[in-house]
Amino acid sequence: MKKENDQICTYNHKILSIFDGVVWKICEQCQLIYATQKKGQAYEINEKEHFDNFPPGNKYEFNSLINKFEKYSEKNTNQLTFFDFGCGAGGELIQAQKRFKKTYGFEPNKKLYEGCKSKSLNVINNFNELFKIEKVDVCFARNPFRYVDNFLFTFKTFIELIKPGGFLVWRDKYFNWIPRPNLGFGGKKVNPSQTETYLMKDTIIFHLEKLGMKIHYEKFYFNDTFLIIAEKDKEKKNFKNKKIKRVIIFNEQVISIIHILRKKLSYLRETIQRLIYFFRR
Ligand SMILES: [Zn+2]
């Protein structure tokens with residue numbers, strides 16, 4: 001039985017909203033925002049369709065992430081084992097096979113899992129099998145965590161897959177700017193492919209440190225994604241709780257404006273980068 005978020009992070013978890021049959025809560029210490037109950041059937045069918053048609057990852061992006069990771073690792077990737085958590089259609093695993101000593105993956109969606117199997121990839125489908133597999137040198141995850149139930153339990157299980165001295169390469173979405181209409185404050189229907197968990201920047205760092213990860217690289221981008229490269233402590237250290245800034249939940253209109261501004265900034269940044277590239281040639 002999976003543990004609930006408030007059984008892992010045992011601070012006060014208060015109700016934010018109850019909307020469309022879904023209860024949203026926030027942890028007062030780490031500011032994790034999450035839905036506490038299972039989604040309805042219609043929700044699940046939509047979600048399944050969403051995953052069945054999940055696009056394969058971009059191999060250039062994957063290789064550039066691994067190149068970045070290599071700067072922090074003393075060993076060459078061909079000496080290391082690699083695990084992809086939520087490996088989807090297996091595109092990243094195929095790339096990883098070319099660089100790592102041994103590769104595995106976990107994919108909860110049946111159709112995607114079967115796709116991986118047909119490509120002879122070493123992939124498991126059942127969450128409970130994660131407790132049985134050998135610890136790995138590098139755990140990789142690209143965008144799985146916005147979709148998981150019981151985030152803290154799943155995340156803890158994921159981090160426990162890493163050997164002491166092993167690494168985490170994590171690319172995902174964060175929500176400092178968007179804890180919003182989807183929570184029901186705007187009275188709109190909840191989007192069927194909507195996430196169960198909203199990760200704030202500070203929440204992410206808080207839980208990584210709590211689980212004994214030392215962060216080497218962290219970048220939070222304007223397009224609401226982030227990249228973290230972290231190393232697992234070789235020995236267990238005591239975790240000191242730090243005070244986290246309280247999440248402010250804006251109303252829907254304010255968020256739309258912030259969102260547009262961030263999009264424009266992100267676009268401007270890309271344009272400037274392109275211009276610099278053009279003039280330097
Ligand atoms: Zn918490």
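Q: Where is glutamine 31 found in this predicted model?
A: Glutamine 31 lies in the loop between β2 (22-27) and β3 (33-35). Its phi is near 65 degrees, a positive value in a residue other than glycine.

Q: Why is glutamine 31 counted as buried?
A: The cut-off for buried is 20 or more other C-beta atoms within 10 Å. Glutamine 31 has 20 C-beta neighbours inside 10 Å, so glutamine 31 counts as buried.

Q: Why is asparagine 143 called partly exposed?
A: A residue is exposed at 12 or fewer neighbours and buried at 20 or more, with partly exposed in between. Asparagine 143 has 15 other C-beta atoms within 10 Å, so the residue is partly exposed. Asparagine 143 sits in the loop between β7 (136-142) and α6 (151-160), and its phi is positive, about 55 degrees.

Q: What makes a positive phi worth noting in residues other than glycine?
A: Most residues other than glycine have a negative phi.

Q: Which residues of helix α5 (residues 110-118) are buried, and how do you know that they line one face?
A: Leu112, Tyr113 and Cys116 are buried. Seen down the axis of α5, the buried residues fall within an arc of 100 degrees, so they line one face of the helix. On the other side of α5, Lys110, Glu114 and Ser118 are exposed.

Q: Why are strand β10 (residues 213-220) and β11 said to pair?
A: Pairing needs at least two bridges. β10 and β11 are joined by 7 bridges, so they pair, and they run antiparallel. In β11, alanine 230 is the bridge partner of isoleucine 215.

Note on methods:
Residues are numbered from 1 along each chain as its sequence is written. This is a predicted model: local features need pLDDT of at least 70, side-chain atom pairs count only at pLDDT 80 or more; totals for chains, interfaces and linings use all residues. Helices (H or I, at least four residues) and strands (E, at least two) are DSSP runs, numbered from the N terminus. The arc is that of the directions from the helix axis to the C-beta atoms.
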